[in-house]
Amino acid sequence: MRLRLFPARIHARMTDPIDAKKELRAVAAAKRAEAAKASLNAADAIVAHFRQHIHDLPAGPVSGFVPIRREIDPMPLLAWLRATGRRSVLPIVAARDAPLVFRVWTPGDEMDAGPYGIEEPKASADRMDPVVLLVPMLAFDRLGFRLGYGGGYYDRTLAALRGRGKITAVGIAYSAQEVDAVPVAEYDEPLDWIVTEREAIEIGA
């Protein structure tokens, strides 16, 4: 069932969404944990929906992420995208209040522990910007806005990548993580697609 913390309405950018986001994070994290227990084949279903609906992606590398806190596992989707001939990269938190940095990664590579305890490619791995970005989230709405953990890293990263060229951002999540409206600030960047175990949602279609 969809979270209804915020009533259905035309989406507006809030002047002070910090408290609203904080309220939603706690509820959304619990909801995601429940969905992770109930959706054992969600990662494979996401691959199927992605393959069926998302075409004409820009040519170039794809970024995945190492799942934490009951996030849906992006690795099966990343493996399929690699099989189409794309190189894969993973994000690194290089500095606070800065965009993410991406380094080349292939399964089996030795990893380092990042500043938040998340595994990331070693500093010796080549840097490479992705053109397809798989994005984790706590919650999402059908206008493409997502709720993260509050660091703003993906918003800054999307803004930077979009300023340099074509980028397709695909949020992946459990369908139970959908809300009527994510509280949004001026700096929040919408996604291009959201894929769940039930469907692929093209934003703005």
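Student: Over how many bridges do E9 and strand E10 pair in the parallel sense?
Tutor: This is a predicted model, in which local features need pLDDT of at least 70, side-chain atom pairs count only at pLDDT 80 or more, and totals for chains, interfaces and linings use all residues. Residues are numbered from 1 along each chain as its sequence is written, and side-chain values use heavy atoms, with hydrogens and water left out. Strands (E, at least two residues) and helices (H or I, at least four) are DSSP runs numbered from the N terminus, and two strands pair if DSSP finds at least two bridges between them. E9 meets E10 (residues 193-195) in the parallel sense, and the count is three bridges.

Student: Which residue stands opposite Gly-171 in E10?
Tutor: Gly-171 is a residue of E9, on the side of that strand where Ala-169 also lies. Looking across to E10, its opposite number is Ile-194.

Student: How many of the residues of strand E9 are buried?
Tutor: Buried means under 20% relative accessible area, exposed over 50%, and partly exposed in between (1.4 Å probe, protein chains only). On one side of E9 sit Thr-168, Val-170 and Ile-172, on the other Ala-169 and Gly-171, and both faces are covered. For this strand, residues 168-172, the buried count is five of five.

Student: Which residue stands opposite Val-170 in E9?
Tutor: E9 also runs parallel to strand E6 (residues 132-135), and four bridges join them. The residue facing Val-170 is Leu-134.

Student: In what order do the seven strands form the open sheet?
Tutor: The pairing in this sheet is mixed. Its edge strands, each pairing on one side only, are E3 and strand E11 (200-202). The order is E3-E2-E1-E6-E9-E10-E11.

Student: What is the bridge partner of Ser-63 in E2?
Tutor: E1 and E2 pair in the parallel sense over two bridges. The chain goes from E1 through H3 to E2 in a right-handed β-α-β crossover; right-handed means that, with the strands pointing away from the viewer, the path from the first strand over the helix to the second runs clockwise. Within E2, Ser-63 is partnered by Val-89.

Student: And which residue in E3 does Val-89 stand opposite?
Tutor: Here the sense is antiparallel, with four bridges between E2 and strand E3 (residues 101-104). Val-89 and Pro-91 point one way from E2, while Ser-88, Leu-90 and Ile-92 point the other way, and all are buried. Opposite Val-89 in E3 is Val-104.

Student: Which elements do the buried residues of H4 pack against?
Tutor: Helix H4 covers residues 153-164, and its buried residues are Tyr-153, Tyr-154, Asp-155, Thr-157, Leu-158 and Leu-161. Packing rests on contacts, meaning heavy atoms within 4.5 Å. The elements on the other side are E2, E3, E6, E8 and E9.

Student: At which residue does H1 bend?
Tutor: Helix H1 (residues 18-38) reaches 30 Å from its first C-alpha to its last, close to the 30 Å expected at 1.5 Å a residue; that expectation is 1.5 Å times one less than the number of residues. A bend is the angle between axes fitted to the seven residues ending at a residue and the seven starting there. In H1 this comes to about 25 degrees, and the place is Arg-25.

Student: Is Arg-69 buried or exposed?
Tutor: Arg-69 belongs to the loop between strand E1 (62-63) and helix H3 (75-83). Its phi is positive, about 50 degrees, although it is not a glycine. With a relative accessible area of 53%, Arg-69 is exposed.

Student: What is the relative accessibility of Arg-70?
Tutor: Arg-70 is in the loop between E1 and H3 and has a positive phi, near 70 degrees. Arg-70 counts as partly exposed, because its relative accessibility is 41%.

Student: Over which residues does pLDDT stay under 50?
Tutor: pLDDT is the predictor's confidence in each residue, from 0 to 100. The chain averages 89, and 92% of the residues score at least 70. Where pLDDT is low, the predicted coordinates should not be read in detail. The stretch under 50 is residues 4-12.
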